[in-house]
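Subject: Structure handover

Hello,

Here is the structure for your set. My notes on it follow below.

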Amino acid sequence: MTAPEIPAVPVRLARRPIVGGLVVPWITARTPEGRYRFGAVDHHRHVRALQDRLCQTCGDELDTARIVFAMRDSDLPLLVSPEPGMHPVCAAYSASGCPMLAGRMSHYRTTPLAAQLTEADATFHGDPTGTRPAAPAERWHLLWATGYRAFTNPLTGQRAAMVLPDQILRIRPIGPPPPLCPADHAPDSETGPESTPGPERSSS
Ligand SMILES: [Zn+2]
């Protein structure tokens, strides 16, 4: 068995570099010195992935029959993903390997890996603008779709993916509810798009 916070790397991701035991997503930005910045998204790759239907994790073309998006509670009502899609296998890896997606950041905060990622400003799957800081209370979901439309989100000015209701194959919450938000974040519905207001739209 692999340690729970270090999932096995799927074949599709075998060519990707690995830092701290985790695959570095294709979309991850780098510093001028070439170091990976886990909290930051490469803007050019972000746009290109959305436009050319590339997987944000491995960088290869998506199979348009099954595209997986990672969406937060606040993304679901709009069916808009600020991030590009993923292959099912890449999404499964991200869901188990990414501390934010798996909702385990607080749980593992004291481990060297998480500490390292936190230090590296790790909000994997953060948005490219940095305007949506990691919100531990928000739950992540995987959404399987048969397609999407790339558009410029008027709320953010950023390119994003819009999924139509009839393109949705299924929606599944990732992992257990985040451990650090027991009472003040009542889960009224797991996937109910209408019931969840976006909790933090920063007005600054
Ligand atoms: Zn992929």
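How many bridges join E6 to strand E9? Two, and E6 and E9 (residues 159–162) run antiparallel. Before the rest, please keep in mind that this is a predicted model.

Overall content

The chain contains three helices and ten strands. Read from the N terminus, the order of elements is β-β-β-β-α-β-β-α-α-β-β-β-β. There are 204 residues in the chain, and 35% of them count as buried. Of the contacts with a separation of 6 or more, 67% are between residues 24 or more positions apart.

Sheet with E6, E9 and E8

The pair E6 and E9 belongs to an open sheet of three strands, ordered E6-E9-E8, with antiparallel pairing. Strand E6 (80–81) and strand E8 (149–152) each have a single partner strand and stand at the edges, so each has one side without a neighbour in the sheet. Within the pairing of E6 and E9, Val-80 stands opposite Met-162 of E9. Helix H1 (residues 43–52) packs on this sheet and touches E8 and E9. The direction of H1 makes about 30 degrees with that of E9.

Sheet with E5, E7 and E10

Another open sheet has three strands in the order E5-E7-E10, and the pairing is again antiparallel. Strand E5 (67–72) and E10 are the edge strands, each pairing on one side only. From one strand to the next, the twist averages 20 degrees.

E5 and E7 run antiparallel and are joined by six bridges. Phe-69 has Leu-143 in E7 as its bridge partner. Helix H2 (residues 88–97) packs on the sheet, where H2 touches E5 and E7. The direction of H2 makes about 30 degrees with that of E5.

On the other pairing, strand E7 (residues 140–145) and E10 are antiparallel over five bridges. Two of the residue pairs can be named: His-141 is partnered with Pro-173 in E10, and Leu-143 with Ile-171 in E10. Leu-143 is thus listed with a bridge partner in E10, Ile-171, and also as the partner of Phe-69.

Is E7 mostly covered or hardly covered? E7 is mostly covered, with five of its six residues buried. For strand E10 (residues 168–173), the count of buried residues among its six is zero, and E10 is hardly covered.

Confidence

The mean pLDDT of the chain is 76, and 65% of the residues reach 70 or more. Over residues 118–135 the pLDDT is below 50, and this stretch has 40 contacts in the model beyond near neighbours in sequence. Residues 181–204 also have pLDDT under 50 throughout, and the model gives them 24 contacts beyond four places in sequence. Please keep those values in view when you read contacts that involve either stretch.

Regards

Methods
Residues are numbered from 1 along each chain as its sequence is written. This is a predicted model: local features need pLDDT of at least 70, side-chain atom pairs count only at pLDDT 80 or more; totals for chains, interfaces and linings use all residues. A residue is buried if 20 or more other C-beta atoms lie within 10 Å of its own, exposed if 12 or fewer, and partly exposed in between; C-beta atoms are placed from the backbone. Helices (H or I, at least four residues) and strands (E, at least two) are DSSP runs, numbered from the N terminus. Two strands pair if DSSP finds at least two bridges between them. Two residues are in contact if their C-beta atoms, placed from the backbone, lie within 7 Å. Axes are lines fitted to C-alpha atoms, for helices over the stretch in contact, and angles run from 0 to 180 degrees between N-to-C directions. pLDDT is the predictor's confidence in each residue, from 0 to 100.
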